[in-house]
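Dear colleague,

I am passing on the structure we talked about, and my notes come after it. Please have it open while you read.

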Amino acid sequence: MPKTTKGGHARKSELPSTLQKSDAKAQRTFAKAHDAAAERYGEGERAYRVAYDALKHSYEKVGDHWEPKAEKGPSDERAKSGGPNAKGTSAEGVDANASKKHLMEVARRLDISGRSTMTKDQLVDAIKKANRRQSARSR
């Protein structure tokens, strides 16, 4: 499982594939949060959920990697409610709280067709699907 080295860097080979393609700060954020959660709750799904929640506060998933968000904060309904019994749906790393303009730009970068006529919710769903496809292809 991800562990940080003495210098505070994550061991890249232990990170999920989408983080291996992301910048060092994203890798450190995930690894440190995972290490702390694993120490508190033990290894497993809960430690990964905590680590992804910490990552999604500052990063958003674009295709097969994570990029810094313009503004830090919760990325979706589920992140707003927080905790182990969080309510709402997850946007799977898409910053659903971003402006429609930002979502349109991400959709353009991911070459999502029909984006100009989509609502904000439709853009979030289309970006989630495109992210899943790109991540699966690059594994």
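The notes below cover one helix and then the pockets.

This is a predicted model, in which local features need pLDDT of at least 70 and side-chain atom pairs count only at pLDDT 80 or more, while totals for chains, interfaces and linings use all residues. Residues are numbered from 1 along each chain as its sequence is written, and side-chain values use heavy atoms, with hydrogens and water left out.

Helix α2 covers residues 24-41 (helices are DSSP runs of H or I with at least four residues, and strands are runs of E with at least two, numbered from the N terminus). Among its buried residues (under 20% relative accessible area, 1.4 Å probe, protein chains only) are Phe30, His34 and Asp35, and the buried residues of α2 pack against α1, α3 and β1 (contact means heavy atoms within 4.5 Å). After the helix comes Gly42, with a positive phi near 90 degrees.

The largest pocket (on a 1 Å grid over the protein atoms alone, an open set of points where a 1.4 Å probe fits, with protein on both sides within 12 Å along at least five of seven lines; lining residues have an atom within 4 Å of a point) has a volume of about 640 Å³, counted as the space filled by probe spheres set on the points. Of its 30 lining residues, Arg49, Tyr52, Asp53, Lys56 and Ser90 are the closest to its centre, and α3 gives the most to the lining, with seven residues.

The second largest pocket holds about 180 Å³, and there α6 gives the most to the lining, with four residues.

Best wishes

Technical notes. The expected span of a helix is 1.5 Å times one less than its number of residues. Buried means under 20% relative accessible area, exposed over 50%, partly exposed in between (1.4 Å probe, protein chains only).
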